[in-house]
Amino acid sequence: MLYALKIATRYLTASKAQTALLVLGVAVGVFIFIFMSALIGGLAEFILSRTVGDISHITIEAEDPDPAILIAPEGQLLSVIEKGRARAAILSDAATFIPLIEAVPGVKAVSPQITGAGFMMRGSLVSQVTVKGVEPGRESAILNLDSYLTQGSARVGSGLVVLGERLADDLTLRLGQTVRLQSSAGVSTVLTLSGIYKTGNGMMDGSSIFVSLSTARTLFSLPQGVTRIEIKLTDLNAADDTALRIRALTGLDAVPWTDGAEQLMEALNAQAQTGYFLKSFALITIVIGVASALLLSTYRRRPEIGIMRAMGAGRGFVIFVFVTQGALVGLMGGLVGAGLGYLALLPFPSREAFRSGTLPMDITQGSYGLAITLTVIGAILASILPARAAARVDPVTAIGQ
Amino acid sequence: MSALLQVSDLVKTYGTGGAATHVLRGLSLELVAGEMAALLGPSGSGKSTLLTILGTLMQPTSGRYSMLGQDLVVADEADLTTFRNLHIGFVFQFHNLLPDFTALENVIFPTAVREGRETASARARGRDLLTRMGLADRINFPSANLSGGQKQRVAVARALMNQPELVLADEPTGNLDRESAAQVMELIAEINRDEGTTFLISTHDEKIAALCRRQIVVGDGVVTG
Ligand SMILES: Nc1ncnc2c1ncn2[C@@H]1O[C@H](COP(=O)(O)OP(=O)(O)OP(=O)(O)O)[C@@H](O)[C@H]1O
Ligand SMILES: [Mg+2]
């Protein structure tokens with residue numbers, strides 16, 4: 001219906017100021033929609049990166065082996081856990097699993113680890129520590145250790161240790177000095193401090209230490225295998241699905257970060273719901289605006305509609321003329337609003353450079369296409385009522401002879 | 001000459017019960033192809049009502065109406081729209097043109113709406129018609145800026161666009177001065193003579209009526225003369 005399109009365009013251009021106002025009104029709605037999308041999306045991204053950006057997205061932890069059971073005389077059970085060897089059997093074939101896991105789509109990094117507890121001693125100072133034995137070269141695979149380093153190097157060679165600033169302070173340790181570490185398995189060794197980091201997380205900075213996997217092997221008397229495999233994903237929202245895949249592939253108990261993060265997920269969900277709510281309101285405003293403007297135009301053009309009907313224009317033609325006007329207004333308002341939204345978001349720092357104190361707007365999450373599509377659909381729906389009213393105009397009374 | 005249209009026992013009642021206005025009370029009329037007839041009668045006698053029914057813009061309360069052998073009382077709305085487009089042209093007294101369109105765009109509307117676009121041949125015919133109406137210099141003029149007499153001549157050109165058999169004109173010169181009115185009537189007479197288009201023109205003006213070869217007078221809801 002090229003001709004109906006011509007008439008619709010002519011009607012819109014005939015009253016330029018009115019059309020411009022209407023398009024502007026729609027554009028404001030679209031602008032709000034895009035702004036909300038970018039804000040809610042950016043906020044979620046920001047919160048996630050702050051809370052789970054530095055943790056393992058999927059973790060495979062060795063299960064504690066069943067304790068040995070001794071039969072006691074009176075029919076009671078006695079169980080004994082063999083000290084030090086408690087987790088010996090675990091993930092002993094990690095070496096074969098790691099290439100498999102690395103090949104799973106969406107897996108960014110895999111870090112096999114031996115973890116455990118221990119004490120750090122220097123003179124009369126003693127601190128309880130969590131020991132993380134990681135493969136040299138994979139120190140920054142999960143927690144970006146490199147980025148938090150304040151002194152030295154993040155590299156954990158044999159006989160070296162990297163630890164947090166708080167712990168270094170507690171033990172009055174300086175780079176290059178040595179410190180004694182005793183593991184919960186009773187093995188003790190002397191390590192040289194090669195790097196100091198500061199994450200801002202008190203627990204982390206005050207009690208986590210990084211050593212090489214081979215050092216940890218000695219400390220916890222684990223000649224083979226690992227106790228823990230940490231996996232980082234390119235998309236942390238894919239953790240649930242990817243964990244299932246890894247479980248199916250390896251038979252290991254792969255746990256996604258979302259397990260136990262229900263509160264965070266709930267908070268993010270509530271935030272997203274708020275966003276949908278506000279966006280729906282923006283769309284409803286658009287629909288009401290377009291509907292009322294077109295209804296007014298229908299009323300104003302009653303005589304003309306009567307003339308067109310008398311000249312042989314069918315009801316369908318009239319409906320098409322008005323629906324097309326709605327669609328054009330929606331499209332123009334959508335494009336203008338999306339353009340303005342994009343321009344308004346440009347000054348905000350990019351996703352990687354969020355600083356606290358500024359709104360974490362994510363320009364890439366503006367949902368521009370969705371905003372334009374929904375606006376056009378909304379405007380078309382909004383024009384159906386006025387269009388039908390126009391099609392029902394009785395030529396006789398409209399021409400008013 | 002053969003009958004172009006026939007109406008018989010036409011009844012039109014507006015409203016119902018105590019508020020009912022019986023406008024047409026069994027009116028019968030026949031128009032012959034090529035006629036140029038004036039429709040006369042006092043104000044409120046039902047001239048506009050009759051023209052509206054003949055133009056298929058309104059259905060009679062009862063009675064029969066056929067044109068070109070087609071029964072126009074039982075036809076459905078879509079068929080009537082098409083029939084109107086092809087066979088009937090209108091000239092009204094007010095609100096005749098689409099104000100946001102040029103003279104030419106107004107003239108070719110009946111063809112364009114049927115063909116779905118403005119074709120070159122439609123434009124050519126539109127220009128010819130406007131030239132015949134003495135509006136060669138107003139072809140691409142916005143119709144809102146035309147004078148009253150010019151608007152009515154554009155309306156006549158538009159009524160002729162699809163070469164209809166019948167043109168219904170309801171007081172086409174009603175708000176024109178004597179000179180413009182005479183000019184419009186001359187053009188109508190010329191088209192009627194040259195192309196044999198049938199005209200039915202309602203008017204209060206005896207001088208206008210005198211320009212027509214036949215005078216039909218309505219009164220009390222029937223044709224009285
Ligand atoms: N829609 C309507 N509802 C009720 N009554 C109507 C309606 N249209 C017309 N009438 C009445 O019908 C009668 C005929 O009206 P109509 O317009 O056909 O007369 P007319 O002969 O054209 O008059 P005029 O010469 O003044 O134009 C009038 O009494 C008018 O009030
Ligand atoms: Mg009248």
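Select Phe277(A), Leu278(A), Phe281(A), Ile284(A) and Ile288(A) in this predicted model, and you will have a nonpolar patch on the surface whose members together present about 510 Å² of accessible area. For a closer look, pick out Phe281(A), which is found in helix α9 of chain A and is partly exposed, with a relative accessible area of 47%.

**The negative patch of chain A**

Now select Asp240(A), Asp241(A), Asp259(A), Glu262(A) and Glu266(A), which gather on the surface as a patch of negative charge. Two elements of chain A, α8 (239-250) and α9 (262-300), give two or more residues to this negative patch. Asp259(A) is placed in the loop between β12 (254-256) and α9 of chain A, and its relative accessibility of 47% means that Asp259(A) counts as partly exposed.

**Salt bridges between and within chains**

Side chains of opposite charge can pair when their charged atoms come close. Over all chains, the count comes to 19 salt bridges. Begin with Glu105(B) and Arg10(A), which form one with their closest N and O atoms 2.7 Å apart. Because Glu105(B) lies in helix α3 (residues 103-115) of chain B and Arg10(A) in helix α1 (residues 2-14) of chain A, this pair joins two chains. The two partners can be coloured by accessibility: Glu105(B) is buried, at a relative accessible area of 12%, whereas Arg10(A) is partly exposed, at 22%.

Next, stay within chain A and select Glu61(A) with Arg228(A), a salt bridge in which the closest N and O atoms are 3.0 Å apart. Glu61(A) belongs to strand β1 (residues 58-61) and Arg228(A) to strand β11 (residues 228-233), both of chain A, so the pair ties together parts that are 167 residues apart in sequence. Glu61(A) counts as partly exposed, at 38% relative accessibility, while Arg228(A) is buried, with a relative accessible area of 17%.

A further pair to display is Glu77(B) with Arg315(A), whose side chains meet in a salt bridge of 2.4 Å, N to O. This pair crosses between chains, running from Glu77(B) in helix α2 (residues 77-87) of chain B to Arg315(A) in helix α11 (residues 315-345) of chain A. Glu77(B) counts as partly exposed at 36% relative accessibility, and Arg315(A) likewise counts as partly exposed, at 33%. To see a linked set, show Lys6(A), Arg10(A), Glu105(B), Glu118(B) and Arg123(B) together, since salt bridges that share partners join these residues into one network.

**A buried arginine in chain B**

Move to Arg153(B), in helix α5 (residues 148-160) of chain B. Which side chain of opposite charge is nearest to Arg153(B)? It is Asp137(B), 7.3 Å away, and Arg153(B), although buried, has no salt bridge. Leaving aside neighbours within four places in sequence, the residues in contact with Arg153(B) are Met133(B), Gly134(B), Leu135(B), Gln183(B), Val184(B) and Leu187(B).

**Strand β4 and helix α10 of chain A**

Return to chain A and centre on Ala109(A) in strand β4 (residues 107-122), a residue that is buried, with a relative accessible area of 18%. Not counting residues up to four places away in sequence, Ala109(A) touches Ala141(A), Glu230(A), Ile231(A) and Lys232(A). If you draw a distance from Ala109(A) to Thr130(A), C-alpha to C-alpha, the two are 22 Å apart in space and 21 residues apart in sequence.

Then select helix α10 (residues 302-310) of chain A, which is mostly covered, with seven of its nine residues buried. Those buried residues are Glu304(A), Ile305(A), Gly306(A), Ile307(A), Met308(A), Arg309(A) and Ala310(A). Just after α10(A), pause at Gly312(A), which takes a positive phi of about 105°.

**Positive phi outside glycine**

Most residues other than glycine have a negative phi. Against that background, select Ser367(A), whose phi is positive, near 50°, in a residue that is not glycine. Ser367(A) sits in the loop between α11 and α12 (368-391) of chain A and counts as partly exposed, at 26% relative accessibility.

For the last stop, go to Asp9(B), which has a positive phi of about 50° although it is not a glycine. Asp9(B) has its place in strand β1 (residues 3-14) of chain B, and at 47% relative accessibility Asp9(B) counts as partly exposed.

Technical notes
Residues numbered from 1 in each chain as written. Chains lettered and ligands numbered in written order. Predicted model: local features only at pLDDT ≥ 70, side-chain atom pairs only at ≥ 80, totals over all residues. Heavy atoms only, no water. Helix = DSSP H or I, 4+ residues; strand = E, 2+ residues; numbered from the N terminus. Buried < 20%, exposed > 50% of the residue type's maximum accessible area, 1.4 Å probe, protein only. Lys, Arg positive; Asp, Glu negative; His and termini not counted. Salt bridge = Lys/Arg side-chain N within 4 Å of Asp/Glu carboxyl O. Contact = heavy atoms within 4.5 Å. Patch = residues over 30% accessible without salt bridge, like charges linked within 9 Å, V, L, I, M, F, W, Y side chains within 5 Å. Areas by Shrake-Rupley, 256 points an atom, 1.4 Å probe, with all protein chains shown as cover. Charge placed at Lys NZ, Arg CZ, Asp CG, Glu CD.
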